[in-house]
Amino acid sequence: MFGILTAASAVSQEAHTTDQPSGTSRGWENASEFYWTLFLDCIATLWRHECHRRANKMYPPCSLMPWSPESKAASNTTLAGPALMADAPILDESDLAGHDDPALEFMQSVFGSLPDIPWFHAPHDGGYPTSTTLHGYVGIRRTVDAQTLADDAALWVGAMTFGLLEAITFARIPQAVLVEMQGNRMVLSGRRISRLLVHWHKRIHHHFPHPEGMTHLQHGRRVATLLRHALDALEEQSSEDSTANLFRRAGFAREISRIVVDAIAPTVTLLCILASATWTTLPQMASLMARVQGQTRPFQRAAREACMNMMLRVGWCPNTISHHFLNTLTHLSILLSLVRLPLYIRTSPDEHTDCSKTSCILYKVDTYDTYIPRHVCADCHCEYIRPPLDEVKRLLDAGVAPAMVYNGEKLRVQAASKNSYVMISHVWADGMGSVTEKGLPTCLIRRIASLAEILLPESGAFWIDALCIPAAHGPRKQAVKLMVYSYQNAAKVLVMDVGIRTSCSERAPWETNLLHIATAGWMRRVWTLQEGLLANELWFEFAEGPVHVEERIIRELRSALPSKPSLAAPLSQGQPSQAPWWTFVREITPMLYLRICRRGAAPGHYQFPLDEVIKLLQLRTMTSPDDEILAISSLLPSRINVDELLSIAGAEVAQQRMKAFLLQLGQVSRALLRQTSPRLTLPGFTWAPRTLSATALENISGQVGSGLCTENGFIAEFQVASFRTPITIPLSLNEDPENGLKVLISWDCPQASESRLTYYRLHVSESSPDGMRPALIHSLLFFEASFSGTKIDCVAVHDDLDEFSGNDSSVATPRFRYVGYGSLYRLALPPSTSVARDMPILEQSETRRVLLR
C-alpha cells in the first residue's frame, strides 16, 4: 500500500509540473486537485478496510501470509522442532533419481506424471535460511517495504513448492535443481520433482538418520502437519471468495489461479500418498488420505474442471469427459493420466464440435434404410455377402440362435448350439452394422472370420447382429429375445472397436490401454453393457489381435507391486483392494472390475443389483431410446416380464415401457429420486426418470431405502420439512434450467445448537417435464433423519391437491408433485451478518409416509 501511495504522489507531482497552455493551467490544477483528493480518499478507505480485516482476523485462518492467525501462531511456536534448519545439506541434480530408475517408472505408471508448475520468480536463492514450516518460508522472504500483492502470490507458489519440499526432505534445494526454461517461460519441472520424491522416499524407506535427533514417528508427525497446512492453503486458493485468493486479489485472471492450483495439487497429493505409505500407523496420515481421495474439496473440483477444459480444447467429446465420468475418478493422478492420453480421431480434429454432455453425434447412426457398412479399406469396393435368409428365419422360428461359418466364399448358417462360437460385440458407428437381408462387405466378413478362427480354431463360428438379426419385425423380435442366451452360451465374446484397435497395444503400458478402453465408443453404448457383463470370456481386439484383457489385469495386479521393491514395498501392504493398480481398474473400467470380482460365477446365475446396473449405465447412449429396457433386460431382476415390455407399442413407447418396468419392479429404490435426469410426463409418474442411462447415482452411498411404485405414484417414507411461505419458482428457470434454482433460506433445525435458525443455500436442479413444472415449492423431502455435514440431499416438492381415485391407502397420505432434486449447503455466517427479512424459513422436519405423483 505504501508503494501505491508513493507512486500516486509522484504522478500527482508530475501532473502539476507538466506545461499547460496559459488559458487552461488554472482549470487543470483544479481538476488535478479534485481527482487527487478523490484518489487519496479511495486509497484511504481501502487502507482502513485492509487494516481492519487483518486486525480482526477476517482473512482465511490458514493463509501463508504473515497476517493470518495460523502464521502468527506459527511464529510463536514450532512444529516439534526448531523453525530453522542448521547445516541442512544442499542437494544438486546428482541427488535426483535417474531417468531410468525402476522406482520412478513405477511411480509414474501408478500415480501419473506430475505436471509442470508455473514459476513467478519468487525470491528463493540468496542466502535465506532453510525453514521447517511454510509460514516460516514466507516470513523470512517477505520484505516489509513495497511488497505488492503480485509478490505475495509468487511467494505463495514458492512456499507451496520449494518451501514444502525443503521442510519435508530436510534439505536445501537450489532453484536450478527444479526450475527450467520451457519456451519463453520458467517452470518447476514435474519430471524433476518426481525424481526428487523418489530420492526422498528411498531415504525414508531405508530409515536414514532423522535430523535434529527426531524419531521416525516424530518426523512423520511433522510431515503430516506440513501436508495438512499445504492442503488448507490449496483449498483457500481454490475458493470462489476473492479475498482468500491471492492471485485474484493481485489482479491475475481466474484461469491463472486455477492453472497454478491444478499444477501444485498433484505434487501435494503424491506427497500425502507417499507419506501415508511410509507412516502407516499414524492416525494423521489416515486423515490426509481421506482428504486427497475425496471429491468435494475445492481444489479437487477445480482440478477436474481444469482437466475437462484442457481436454475439450484438444478435441475430446464433451460426453466422454463429462462431470459424471470425471467425478468417478477420486485420484488426481488418474485425471493427469487421462489428460495426457492421445486422442483417437475418427474423421477430423473438430468432429466433436456439435456434441453435448449428454450425447455424441458420432454414435447417432442412420436407420436401416440409409445406413451403409464400411469396407475394411476406404478404397475397397468388394461385393456384399448375405447369409441364407430362410435358414436364419427357420432357426429363429424354432427358438434357436443362428451362427455363421465363412468358408472363404460364402456364409453357412448353423445352430449356435452345434459348436462353440464367438460373439462379436461392436458399435454401429464403426461401420459394422447391418441386417440379415443386406449382409456385409466381403472384406469385413473375411476379417471377422479370421479373428474368430484365432479364438476358436476348431470351429471358427461366430455371431454378429449384422448377419443374425433380420429387419422384419417378427424375426427381429425373436432374435432380440435370444440375444441374452446367445451371449451367455458363447465360448468367447470379442469386442471389435476401431478406437481400441487403433490405440491399444500389448507393447503399451496397461494403464494407457485401460484409459483407451474406458473412453472408447464401445464403453458408451447401452447395448454393449449386457454383452460385456454376460460374456464367459471377454476379449478385445488390439493392434496385434485378440487380447484377454481381464487375464492381463489380474497378471498386472499380482506382479506390479512386489516387483518394484524400492518404492512399492510400503505401498503393497494391506488388502489388494487398497493397491493403487486395483483402485485404478475400479475407477477407470468399473465393468471389468465387476467381472473380475465375480469370476467363477456363471453369467446366467449372477443377480445384478439395480443400483449397480444404473451406475454402469451412466454416460451410455443408444440410437433408439425405446429399446433401453430391452437392451438391459438380462441384467434386471428375474421378476421383470420382458415379453410384456416388448408388446408395448404406439405413442410414447419409451415412457410406457419405463412405467411398466417400474410397476413390475414394485419396490423401487429411493435413489432414483436423487439425480437430475429428465422425468416422465405420464400422470402419477413425473417423479420417475425417463431413462436409466441418464441417471447419475455417483453421490449415493450406503442404504437409501425404497418405496412402492403404484398406478397412483410412488409411496415412501421421508423426513418432511415445509416452508412457512412457499418458494416461488421464477419463470427465468425456463431459460436456464441447467443451473437450476438457487436461494438462501433459514431452517428451524433441531440440530442447530448455538442459534435457533441455521442458514443454508438451497440448490434445486430442475428436472420436471416441460410444461408440467409447478410454480411453487412447498416442502423438502429428506432421505435421512440425521442432518449432519455441510451438504444435505433432498427433493423439492409441490403440494398436490388434484382429485384422483385410488383404492389403496395412499389416498390418505400427504400427496406431492415432484419439482426436482436438491441440495442444502450449510453456510457459516458470522453473527453480525445481516439477512433479508423475507428469507424463506423451513420448519422442523417430521417422519411422514408420502405419495409422490
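Let me start with the pairing of strands E12 and E13, where E13 covers residues 538-542: in this predicted model, the two strands run parallel and are joined over three bridges. If you want one position to fix on in the viewer, take Leu494, which stands opposite Trp539 in E13.

E12 also pairs with strand E9, residues 421-425, again in the parallel sense, and here four bridges join the two. The position to look at in this case is Met423, whose opposite number in E12 is Val493.

With those pairings in mind, are the faces of E12 covered or not? Both of them are covered in the model, since E12, which spans residues 492-495, has Lys492 and Leu494 on one side and Val493 and Val495 on the other, and each of these four residues is buried. I would draw your attention to Lys492 in that list, as a lysine that is counted among the buried residues of this strand.

Let me move to another sheet, which is an open one made of three strands in the order E2-E5-E4, with antiparallel pairing. The edges are formed by strand E2, at 117-118, and strand E4, at 179-182, each of which pairs on one side only. Between E2 and E5, the latter being residues 185-188, there are two bridges, and the strands run antiparallel; within that pairing, Pro118 has Val187 of E5 as its bridge partner.

Now to the helices, and to one pair in particular. Two packed helices are described by the angle between their axes and the distance between the axes. For helix H11, residues 254-278, and helix H12, residues 283-292, the axes come within 9 Å and cross at roughly 145 degrees, and the crossing is left-handed. Which residues make this contact? On the H11 side they are Thr269, Cys272, Ile273, Ala275 and Ser276, while H12 contributes Met285, Leu288, Met289 and Val292. Sorted by character, seven of the contact residues are nonpolar and two are polar, and no charged residue takes part.

Finally, some totals for the chain as a whole, to place these details. The secondary structure comes to 30 helices and 24 strands, and of the 853 residues in the chain, 54% are buried. Among contacts with a separation of 6 or more, 74% are between residues 24 or more positions apart. The accessible surface of the chain is about 37,500 Å², with 53% of it belonging to carbon and sulfur atoms.

Note on methods. Residues numbered from 1 in each chain as written. Predicted model: local features only at pLDDT ≥ 70, side-chain atom pairs only at ≥ 80, totals over all residues. Heavy atoms only, no water. Axes fitted to C-alpha atoms, helices over the stretch in contact; angles between N-to-C directions. Left-handed = near helix turned anticlockwise from the far one by under 90°. Contact = heavy atoms within 4.5 Å. Nonpolar A, V, L, I, M, F, W, Y, C, P; charged D, E, K, R; others polar. Buried < 20%, exposed > 50% of the residue type's maximum accessible area, 1.4 Å probe, protein only. Pairing = 2+ DSSP bridges. Areas by Shrake-Rupley, 256 points an atom, 1.4 Å probe, with all protein chains shown as cover.
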